[in-house]
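Work through the following exercises with the sequence and the structure open beside you. Each task is followed by a solution that goes step by step.

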Amino acid sequence: MPESKRLEKSYLMKKDVTLNYFDCNAMLGRYYNPVRGDYLTASNVVSLYEQFNINEGVVFHASARDYNAMHGNELLTKEIQQRENLHAAWVVLPHHTEEMSKPEELAQQLKHNNVKIVRIFCGHWHYMHTLDPFVYGQLFEMLEHYQIPVMVEAVGAGGVDTHIWRDIQTVLASFPELHFIFLYQKTAGLNRYLFPLFERFENFMLETSGYHHFGGIETIVKEFGPRRLVFGTRIPYCNIPVSIAALQYAEISIDEKKLIAGDNLRHLMSRICL
Amino acid sequence: MNHRISNSFVAQIIAGRKLDDVQIVDSHVHSSPWGMMHMCSSSCQDMLKAMDKVGIDVAIINGILNPDYKEEHNVIAERIKRYPDRFVGIAGVNPFYQDDITDELKRCFDDFGFKGIKIHELVTQQPFTFGYEPAMLEPILDFAQIRRCPILFHGLITESTIKAYPEVSFICAHGPANLEFSRKMAIYDNYYVDTAYTTILPGAVEILIKILGPTRILFGSDMPTASPYIRLAQILSADINDSQAENILGRNAARLYGLGNH
């Protein structure tokens, strides 16, 4: 096919019906090992979303993950001011070491800064390699009380350690009204851990960017329903077309795609009662 | 900052459309499930459905994950017999079964029409690494040299092997995970990579093109352990033009395996 015809076809393709995407996983700010030697600003993210018809997104700051949680959260809040389609996810820690406010005070800070979702990192090189309620309990109580969803990222060098799976199970059981969105970079081989969690805990959800199983989305939707998956791009670590393609090609109904593409996340973030 | 869209296929992938104006050969597909991970779907029909949906013309299938490779070769042979235009078989023999190798390869190539060989390091790792010696590969390598067929490898192949068998095309599985090895092997014209890898970071495909050029990279999905849609999107969302994409998606594999349309 001639190049001109291909490009014309490409242009026409772009007008396809949107699934009203709401990305739950984008990162701003400088980080240690930049992909392509670059990092994203709020302006970059907005531009990328426009390019790929993503209506809105939840963003966190790299400094909040790698350097100092509250410092990074403050940088984030400042950077996304007046960006109506960008929503802040604050990285949170337990309060005991005074790196973060006590839960009730933190709740007021979240309210004041219009933060409706939080993020916890429990990989090997993150703040705490545990989710044990012994340390996180009071924080989760507050989040459950106010219905603030939690994104849990368990990226680790060797995979997800057994104790983290146990912690996840304990936390899901202990806080049944708190929704956890699990993020992991390489979910190959994790179905044997994920499916029991899906089966037992309605409050367990999975972000899609790291889930590359052939037939995986279809199986999860069929076995556990379409409300258990949340669309994420993982920019800058992934190119946006990858996550979009995963959903577009999935053999599920358009209504199911719409839920996963954005409505599940919208529903979660609208339940907050701060 | 916009994401640089450098080829005309990206829009089709984003729209979930079939790529019907380009030859696509998936050079890394497994015929069987595997104990090490649950696969949501591994049936021939499901794979064909996915291939039809996205526009994969041919899948090069290996059965290396089944320790009973003879049984798996029979499965692959049936699949090729049923769908001769859609599947090409490559033989996965185990170097530990020395007495078997040449006869089994002859059976695969002469009786079933297989066109390549796969070697995988898991045969040396499950559950012990005891007893393996590189010389065990010689019957396999000699066969490939005589038949001039490609070898898809996951470990076990070294630089000296690639150098010693210039008539054999060595395809390193999971290319994006082997950038440093590829940098060293780039000087050998018979060294190739496939793209089957879980986490292809933005920029990795571009680096591979810089190292090897666009004619030595083969699209591979690792289906059914992974989704071919996602793997295609990872390649096509890279900063590559139409010609480079066409080479990677199908032309290179078609040339190496002697398929049509390259």
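The exercises below concern a predicted model, and they go from the sheet of chain B to its helices and then to the contact with chain A.

**Exercise 1. Establish the strand order of the sheet in chain B, and explain why S1 and S8 each have one side without a neighbour.**

Step 1. Tracing the open sheet of chain B from one side to the other gives 8 strands in the order S1-S2-S3-S4-S5-S6-S7-S8, and their pairing is parallel.

Step 2. Strand S1 (25–30) and strand S8 (217–218) of chain B stand at the edges with a single partner strand each, so one side of each has no neighbour in the sheet.

Step 3. For a closer look at one pair, take S6 (residues 170–172) and S7 (residues 191–194) of chain B, which are joined in the parallel sense by 3 bridges; here Cys172(B) is found opposite Val193(B) of S7(B).

**Exercise 2. Find which strands of chain B are crossed by helices H2 and H5.**

Step 1. Helix H2 (residues 44–54) of chain B lies across S1, S2 (58–62) and S3 (87–92), and its direction makes an angle of about 130° with S3(B).

Step 2. Helix H5 (residues 138–147) of chain B lies across S4 (116–120), S5 (151–154) and S6, running at about 155° to S4(B).

**Exercise 3. Determine how many residues of helix H9 of chain B are buried, and what they pack against.**

Step 1. Taking buried to mean under 20% relative accessible area, one finds that 9 of the 9 residues of H9(B) (residues 228–236) qualify, so this helix is largely enclosed by the rest of the structure.

Step 2. Among these buried residues are Tyr229(B), Arg231(B) and Gln234(B), as well as Ile230(B) and Leu232(B).

Step 3. The packing partners of the buried residues come from both chains, namely helix H10 (240–248) of chain A and, within chain B, helices H1 (10–14), H2, H8 (204–212) and H10 (242–256).

Step 4. At the N-terminal end of H9(B), Ser227(B) acts as a cap, with a side-chain oxygen 3.2 Å from the backbone nitrogen of Tyr229(B).

**Exercise 4. Describe the contact between chain B and chain A by its residues, buried area and salt bridges.**

Step 1. Chain B contributes 51 residues and chain A contributes 45 residues, while the two chains bury about 4200 Å² between them, 59% of it on carbon and sulfur atoms.

Step 2. The interface holds 3 salt bridges, one of which joins the side chains of Glu206(B) and Arg36(A) at 3.0 Å, N to O.

Step 3. There are also 12 residue pairs in polar contact across the interface, and on the side of chain B that touches chain A, helices H1, H2, H9 and H10 of chain B each supply at least two residues.

Notes
Residues numbered from 1 in each chain as written. Chains lettered and ligands numbered in written order. Predicted model: local features only at pLDDT ≥ 70, side-chain atom pairs only at ≥ 80, totals over all residues. Heavy atoms only, no water. Pairing = 2+ DSSP bridges. Helix = DSSP H or I, 4+ residues; strand = E, 2+ residues; numbered from the N terminus. Contact = heavy atoms within 4.5 Å. Axes fitted to C-alpha atoms, helices over the stretch in contact; angles between N-to-C directions. Buried < 20%, exposed > 50% of the residue type's maximum accessible area, 1.4 Å probe, protein only. Polar contact = N/O pair within 3.5 Å; in protein donor to acceptor, adjacent residues only side chain to side chain. Buried area = accessible area lost by both parts, 1.4 Å probe. Salt bridge = Lys/Arg side-chain N within 4 Å of Asp/Glu carboxyl O.
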